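Me: Please take a close look at the surroundings of the ligand in this model. I should like one connected account that also places that site within the chain as a whole.

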Amino acid sequence: MSSVSLIGAGNMARAMARGWRAGDGGPDEIFISDSGSGSAESLATEVGGVAVSGASEAFSSSGIAFLAVKPATLALVAEQANSFSGTVVSLLAGTELSLVTASFPEAQCVRVMPNVAVEKRRGVLCRTVPASSGSNESDEGDLAELLAVLGHVVEIPERLFDAATAVMGCAPAYFALVAEAIADSGVRAGLPEDLAAELVSETLAGTAELLDDRDTLALRRAVTSPGGSTAAGLAALERGAVRAVFAEAVAASIERMKE
Ligand SMILES: NC(=O)c1ccc[n+]([C@@H]2O[C@H](COP(=O)([O-])OP(=O)(O)OC[C@H]3O[C@@H](n4cnc5c(N)ncnc54)[C@H](OP(=O)(O)O)[C@@H]3O)[C@@H](O)[C@H]2O)c1
């Protein structure tokens, strides 16, 4: 029987809890805490979890605690950890594992970077490589299963975390912006707003599936007849320096994580 505690009940905690409850394989019990806003109670009601009184009670409730608070709140919640000796899973962007380990000296600490698509069990979850010694094998096994339920888990060295975060943690917002821009363009070309949004989001979902088994170049070639309408559109995007803008976006995200 597995249980988890969520320290925080905001966007990421909600996405993970919903993902676990979207089918089989999630934790049997989810204990949820907030900073006093009532968000834990409403999330617990939604996902059949248990709202607890705060971080302190959350740490006492399960051997696996997910830190789903803003990075600046790390020290505050660590003060409420009561010498927690289970597994701390840090979701904190831009926060080195050494800092988390120093904050929870008696716990096994793991760094995981999920994206919001965990809510649909189609997330990407980057994680640090499990420690070869000193970790509780049963907790590590439970954690591996809990993460796998939420999507595609990739083990990466910690030095790649910020770049990975900029690419997969932030990218759902970038894709949403691109989808919005294409739909708006469709509206300008005469499509009703709802229809434009439907056409774009279904196309995005279908394109994601196609990219499961082919690379981006093969996909672009399959859609782009020489001298055709897609070629004209792609040329306009290149004139608009779309690649350079995305490069700037990723670099800006990484820069912000270091602040
Ligand atoms: N959002 C994403 O797409 C995403 C992706 C990857 C990683 N992350 C990481 O996930 C973490 C959370 O991000 P978020 O977007 O979910 O933030 P969020 O929506 O602002 O949620 C933060 C949560 O922390 C709670 N909190 C604050 N102080 C607390 C305390 N002392 N004890 C217990 N709970 C406390 C807040 O409680 P109240 O509800 O009472 O205010 C809130 O529920 C961040 O470190 C972020 O870097 C987020």
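Reply: The account below begins with the whole chain, turns to the ligand shell and ends with the nonpolar core. The model is predicted. Its protein chain contains 12 helices and 8 strands, and the C-alpha trace spans about 65 × 35 × 30 Å along its principal axes. Of the 259 residues in the chain, 32% are buried. Among contacts between residues at least 6 apart in sequence, 59% join residues at least 24 apart.

The ligand has 30 residues around it, and those that come nearest are Gly8, Gly10, Asp34, Ser37 and Ala93. Two or more residues of this shell come from each of helix 1 (11–20), helix 4 (74–78) and strand 6 (108–114). Helix 1 is the leading contributor, giving 3 residues to the shell. By residue class, the shell holds 16 nonpolar, 12 polar and 2 charged residues.

Helix 1 also links this description to the largest nonpolar core, a set of 54 residues, to which helix 1 gives the most, with 6 residues. Within that core, the residues with the most contacts are Leu6, Ile7, Ile32, Ala65, Phe66, Leu67 and Val89. Val89 illustrates how such a position is surrounded: with neighbours within four places in sequence left aside, Val89 is in contact with Ile64, Ala65, Phe66, Leu67, Val110, Val112 and Leu143. As a general point, nonpolar side chains in soluble globular proteins tend to be buried together.

Conventions:
Residues numbered from 1 in each chain as written. Predicted model: local features only at pLDDT ≥ 70, side-chain atom pairs only at ≥ 80, totals over all residues. Helix = DSSP H or I, 4+ residues; strand = E, 2+ residues; numbered from the N terminus. Buried ≥ 20, exposed ≤ 12 C-beta atoms within 10 Å, placed from the backbone. Contact = placed C-beta atoms within 7 Å. Near = placed C-beta within 6 Å. Nonpolar A, V, L, I, M, F, W, Y, C, P; charged D, E, K, R; others polar. Core = buried A, V, L, I, M, F, W, Y, C linked by C-beta atoms within 7 Å.
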